[in-house]
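Please go through the terms used for this model, asking of each why it applies and which value supports it.

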Amino acid sequence: MPVEITWWGHATCTVEDSGARVLTDPLFARRLAHLRRRRGTPPPPEAAVADVALVSHLHADHLHVPSLARLAPGTRLLVPKGAPRAVPGLRRLSHLRVTEMASGDRTRVGDLVVQAVPARHDGRRLPVGPHRAPALGYVIEGEARTYFAGDTGLFESMAKEVGPVDVALLPVGGWGPYLGEGHLDAGRAAEALARLRPGSAVPVHYGTYWPIGMDAVRPHEFHAPGEEFVRLAAERAPEVAVHLLEHGQRVRPRVAGYRSSPRDAPAGRGDDEREGEAR
């Protein structure tokens, strides 16, 4: 079966490849501190079904202990090295098989190999705490090579560190009206795409959470990043098929040696298989 990607919102995706389910940065909450989910219903219970979950860094919208607690007993959990020490709640998740990862580490999950790669992002558990764990991206190697960037800024060695990939899951925005250092906006994400040159890309990390009481503050930063990424990617990396998904929608992107039949992909956003229902 070809690789299949489901976007549940924010940085949470399911990647299905080689008979395994990989869940990225699980966040199932309606509200997180000062943030509330403004688009898309929270993922259904089956979204928490995975063989392995990946955590890119320690920020609470990426390492969310209550969401991780919903994973089934025995689920593998890959976290940045030092995360259990920095986040005591992780140590209480005794039903999960936790593996600490540093950049360059590889681990096998069924027929998949997951490799940690560098990211340029603040890896501390905010709002307090020393920098105890690196921010990571991950490359999932199965029938396809899928890059989950987590949160990252552009960096010179990105293409070399990540290597050739078939699919890139790239952040294109955030959860507030301004992006700080160590993030990709739509333009920087399009530049990352031009450097990585995958066959397909899915924009993530936008249009889901927003600070309570700030709906009228720079609302284009909530609504526009996905469409803006599609436009800029067409200019800077026109050979890459970009799939702009709705929450709970899935796609089977084109990978080397495989080309799916088009079904309901909107014109100009790639012609691979897409399905609108959440699973």
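**Salt bridges, burial and sheet order**

Q: What makes the meeting of the side chains of Arg231 and Glu228 a salt bridge?
A: The N to O distance between these side chains is 2.6 Å, and a salt bridge is a side-chain nitrogen of Lys or Arg within 4 Å of a carboxyl oxygen of Asp or Glu, so the pair qualifies. Both residues lie in helix 7, 3 residues apart, about one turn of the helix.

Q: How do you know which atoms and residues enter such values?
A: The model is predicted, so local features need pLDDT of at least 70 and side-chain atom pairs count only at pLDDT 80 or more, whereas totals for chains, interfaces and linings use all residues. Residues are numbered from 1 along each chain as its sequence is written, and side-chain values use heavy atoms, with hydrogens and water left out.

Q: Why is Arg231 called partly exposed?
A: Its relative accessible area is 41%, and partly exposed is the range between buried (under 20%) and exposed (over 50%), with a 1.4 Å probe and protein chains only, so the term applies. Glu228, at 30% relative accessibility, counts as partly exposed as well.

Q: What covers the buried residues of helix 7?
A: The buried residues of this helix are Pro225, Gly226, Phe229, Val230, Leu232 and Ala233, and their cover includes strand 13, helix 5, strand 14, helix 6 and strand 16. Helix 7, residues 225-236, is a DSSP run (H or I, at least four residues; strands are E, at least two), numbered from the N terminus.

Q: How do the two residues of the salt bridge between Arg106 and Glu141 compare, buried or partly exposed?
A: Glu141 is buried, with a relative accessible area of 18%, while Arg106 counts as partly exposed at 48%. Their closest N and O atoms are 3.0 Å apart, and the pair links distant parts of the chain, with Arg106 in strand 9 and Glu141 in strand 11, 35 residues apart.

Q: Why is Val79 called buried, and which residues does it touch?
A: Val79, found in strand 7, has 0% relative accessibility and therefore counts as buried. Not counting residues up to four places away in sequence, Val79 touches Val55, Pro84, Leu90, Val98, Thr99, Glu100, Met101 and Tyr138, where contact means heavy atoms within 4.5 Å.

Q: What makes strand 9 and strand 16 the edges of the open sheet?
A: The sheet has 7 strands in the order 9-10-11-12-13-14-16, with mixed pairing. Strand 9 and strand 16 each have a single partner strand, so one side of each is left without a neighbour in the sheet.

Q: How do you know that strand 14 and strand 16 pair?
A: They are joined in the parallel sense over 2 bridges, and two strands pair if DSSP finds at least two bridges between them, so the criterion is met. Ser200 stands opposite Ala241 in strand 16.

Q: What is the mean pLDDT of the protein chain, and where is the pLDDT below 50?
A: The mean pLDDT, the predictor's confidence in each residue from 0 to 100, is 89, and 88% of the residues reach 70 or more. Over residues 258-274 the pLDDT is below 50, although this stretch has 50 contacts in the model beyond near neighbours in sequence.

Notes. The expected span of a helix is 1.5 Å times one less than its number of residues.
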